[in-house]
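Good morning, and thank you for coming. Please look at the sequence and the structure as they appear, and I shall then walk through a few of their features.

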Amino acid sequence: MYLESSFFQKTHEPSRVPVKSLPSHLQHVLGRSGEVTVYSTQGEHQDENEREAYYRAFLYPTQLQSQTLDQLLAARDELSKLVGFNSFAERALQNTMTKSPDNANKFLRLLSQQLLPMTHADFSKMAALKQAQSPGSDLQPWDVTYFSSVMRRNSVTTSLAEVCKYLSLGACLDGLKLLTERLFGITLHNVVPGPSECWHDSVYKIEVRWLEGNDVIGYIYCDLYERRGKPLQDCHFTIQGGRLKSDGTYQIPKVVLMMNFATPSSSLPTLLTPQQLENLFHEFGHAMHSMIGRTRYQHVTGTRCSTDFAEVPSNLMEYFASDYRVLRQFTFHHETGEPMPEEMANQIRKSKSLFLASEMQTQVFYSALDQALHSSHPLGSSTIDILSDVQKEFYGLPHVPNTAWHLRFGHLVGYGAKYFSYLMSKAIAAKIWQHSFKDDPFSRSNGERYMKEVLCHGGEKPPLEMVEALTGVKPTIESLADSLIEETRSAGNYAN
Ligand SMILES: [Zn+2]
């Protein structure tokens, strides 16, 4: 525990580096002799020397943090072996859907093999832009953030402010109401909370009911606006889990949907960005998992399922948030009432899916590194050498000597050998989308099946059995990787 918190804390701390440790062509950039303090990699900086200097300085390896990581990984390995496992990864994955490190590594390798050609296509586009700006120089890891954001900005002709006018919070909530009613036969009603029931005046209480019969399914407290002292984080959390009580009645779930949107004023409603809309749908996906869950015990209800399945319902909702067939039902201009033009929705989608492959490749690389570091000890080489090898195989741009990105990878602590879960959840969401909703995002019969076969079981039933019951086919590691690749290829318009 001490090693975990000590490692985690240092992943966020500024870096103090002797200027002399930087290559000579960069020593003047940070401007001083002696030691400099840097707070981030400054990846958006326009000047390449600045980007490179900050990248190298922020990611400069410190011996103390490197030792802490060695001790943490060794301690985890020792604990796992004490209870009969071969590695920490094996112990961490025993109750997940993926089951074993071999399966996790196979999944990551399959993804990487298919992603790499698309990732190289992304990097080539960035490299071409860099060549145009500074002939003769290759694309480097410190360039990726800068060139991808420049190209993303250049890819849209409509201003973000104009897009947001179609995404008032009221309209987006109407979209969620419409979707839940049409897909699941569930209605959402704003109700007045009791005295002192809510922790702030701006919190709404939503009563969730079946359309048929009108029975209450649960309650969602919507704490949507930013305010002083509130964590700057979008999330869903449970106040009361659903469970079957000893008298045979059902304890209904109560959850919180927490976002950080701007507070509306008398003249302007809260307007969301496309990213905020996606986040709202994502968190609402978690809330519906909790609402629809009808498990016997509350510790396995809703989102309380294996880590590699928990993000499935939320990732699935993201597909609905970017599908024009859904968007056109609720995205009306807050002043004129005009529906969002299809061309605008296409631009949003295009800009979001630009460099989709290289972004996913980065996640594959992080996940593969997490697996490698938590495999059986002794590891055989230093963590920095492992970083370099994994980056070579799984990223597409080489490791920069004398940098140690992994010493800033805080998720090694919380996820510990399960960082790949995010990709696995995405792959299952892609499979469910393709099977049940891609042809008709309002299919009531498929919405019903999805509720019955997946959402209502929470963590009570093995996830692969749920997916098999829904799709009629037992998913394999290969087919899950293929589903995710297929969605990436089509969304990002990559060649076959
Ligand atoms: Zn989530």
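**From one glutamate to the whole fold**

Let us begin with Glu 181, which is found in helix α8. Please bear in mind throughout that we are looking at a predicted model. Is Glu 181 buried, exposed or partly exposed? There are 16 other C-beta atoms within 10 Å of Glu 181, and because a residue needs 20 or more to be buried and 12 or fewer to be exposed, Glu 181 is partly exposed.

Which residues does Glu 181 touch, if we leave aside its neighbours within four places in sequence? The contacts are Ile 186, Thr 187 and Leu 211. I would also point out Trp 210, which is 29 residues from Glu 181 along the chain, while the C-alpha atoms of the two are separated by 8.8 Å.

We now turn to the helix itself. Two packed helices are described by the angle between their axes and the distance between the axes. Helix α8 covers residues 169-184 and helix α18 covers residues 444-453; their axes come within 7 Å and cross at roughly 85°. This crossing angle makes α8 roughly perpendicular to α18. On the side of α8, the residues that meet the other helix are Arg 182, Leu 183 and Phe 184, and on the side of α18 they are Arg 444, Gly 447 and Met 451. By character, the residues of this contact divide into 3 nonpolar, 1 polar and 2 charged.

Next, the interior. The largest nonpolar core contains 126 residues. Which of them touch the most other members? They are Phe 107, Leu 111, Cys 172, Ile 220, Val 364 and Ile 428. Helix α14, residues 356-373, supplies the largest share of this core, with 10 residues. Let us take Ile 220 as an example: apart from neighbours within four places in sequence, Ile 220 is in contact with Ile 206, Val 208, Val 255, Leu 257 and Ala 287.

Another helix with buried residues is α6, which spans residues 144-154. Its buried residues are Val 144, Tyr 146, Phe 147 and Ser 148, and they pack against α2 (48-58) and α5 (101-133).

Some details of the backbone also deserve attention. Phe 355 has a phi near 65°, a positive value in a residue other than glycine. Phe 355 sits in the loop between α13 (342-353) and α14, and it is buried, with 25 other C-beta atoms within 10 Å. Asn 493 is likewise not a glycine and has a positive phi of about 55°. Asn 493, however, is placed in the segment after α20 (477-491) and counts as exposed, with 11 C-beta neighbours inside 10 Å. Finally, a cis peptide bond with omega of about 0° joins His 377 and Pro 378; Pro 378 lies in the loop between α14 and α15 (383-394).

Let me close with the protein as a whole. Its secondary structure comes to 20 helices and 9 strands. The radius of gyration is 24 Å, close to the 23 Å that the globule rule gives for 496 residues, so the protein is as compact as a globular protein of that length. Along the principal axes, the C-alpha atoms fill a box of roughly 75 × 60 × 50 Å. Of the 496 residues, 42% count as buried. Among contacts between residues at least 6 apart in sequence, 69% join residues at least 24 apart.

Conventions. Residues are numbered from 1 along each chain as its sequence is written. This is a predicted model: local features need pLDDT of at least 70, side-chain atom pairs count only at pLDDT 80 or more; totals for chains, interfaces and linings use all residues. Axes are lines fitted to C-alpha atoms, for helices over the stretch in contact, and angles run from 0 to 180 degrees between N-to-C directions. Helices (H or I, at least four residues) and strands (E, at least two) are DSSP runs, numbered from the N terminus. Angles under 35 degrees count as roughly parallel, over 145 as roughly antiparallel, 65 to 115 as roughly perpendicular and the rest as oblique. Two residues are in contact if their C-beta atoms, placed from the backbone, lie within 7 Å. Ala, Val, Leu, Ile, Met, Phe, Trp, Tyr, Cys and Pro count as nonpolar, Asp, Glu, Lys and Arg as charged, and the others, Gly among them, as polar. A nonpolar core is a set of buried Ala, Val, Leu, Ile, Met, Phe, Trp, Tyr and Cys residues joined through C-beta atoms within 7 Å. The radius of gyration is taken over C-alpha atoms; the globule rule is 2.2 Å times the number of residues to the power 0.38.
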